[in-house]
Amino acid sequence: MPVVQTPLVQGRDNEVIENCIKNVARTVSESLSAPIESVRVIVNEVPANHFAIGTKLKSER
């Protein structure tokens, strides 16, 4: 059972995230020859002040 976890900074529309989840599931299924029903995709939304590149918070950009 393939499991894909994708952290994203909060702020995207639900429709965009749902589309991404479906596309990731299809791609993983096809590339691994795994049944689509066995693919799990988890999106973890992270607040911008909980994500940094080096010492610069995403919320500071």
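**Legends: whole chain and close-up views**

**View A. Overall dimensions of the predicted model.** The chain has a radius of gyration of 14 Å, whereas a compact globule of 61 residues would have one near 10 Å. The C-alpha trace of this predicted model spans about 40 × 25 × 15 Å along its principal axes. Buried residues make up 20% of the 61 in the chain. The accessible surface comes to about 4700 Å², and carbon and sulfur atoms hold 50% of that area.

**View B. Order of the secondary-structure elements.** One helix and four strands are present in the chain. Read from the N terminus, the elements follow the order β-α-β-β-β. Among contacts with a separation of 6 or more, 62% are between residues 24 or more positions apart.

**View C. The β-α-β unit built from β1, α1 and β2.** Strand β1 covers residues 3-9, helix α1 covers residues 14-32 and strand β2 covers residues 40-46. Together β1, α1 and β2 form a β-α-β unit that is right-handed.

**View D. Pairing of strands β1 and β2.** The two strands run in the parallel sense and are joined by seven bridges. In one of the bridges, which residue of β2 is the partner of Gln-5? The partner is Ile-42. In a regular strand, side chains alternate between the two faces of the sheet.

**View E. Ser-38 in the loop between α1 and β2.** Ser-38 lies in the loop that follows helix α1 (14-32) and leads to strand β2 (40-46). A polar atom of the Ser-38 side chain is 2.7 Å from the backbone oxygen of Pro-35. Which residues does Ser-38 touch, not counting those up to four places away in sequence? They are Met-1 and Pro-2. The view thus holds the loop residue Ser-38 with Pro-35, whose backbone oxygen faces a 2.7 Å separation from the serine side chain, and with the contact residues Met-1 and Pro-2.

Notes. Residues are numbered from 1 along each chain as its sequence is written. This is a predicted model: local features need pLDDT of at least 70, side-chain atom pairs count only at pLDDT 80 or more; totals for chains, interfaces and linings use all residues. Side-chain values use heavy atoms; hydrogens and water are left out. A polar contact is a pair of N or O atoms within 3.5 Å; within protein, one must be able to donate a hydrogen and the other to accept it, and residues adjacent in sequence count only if both atoms are side-chain atoms. Contact means heavy atoms within 4.5 Å. Two strands pair if DSSP finds at least two bridges between them. A crossover is right-handed if, with the strands pointing away from the viewer, the path from the first strand over the helix to the second runs clockwise. The radius of gyration is taken over C-alpha atoms; the globule rule is 2.2 Å times the number of residues to the power 0.38. Buried means under 20% relative accessible area, exposed over 50%, partly exposed in between (1.4 Å probe, protein chains only). Accessible areas come from the Shrake-Rupley method with a 1.4 Å probe; for residues, only the protein chains shown count as cover.
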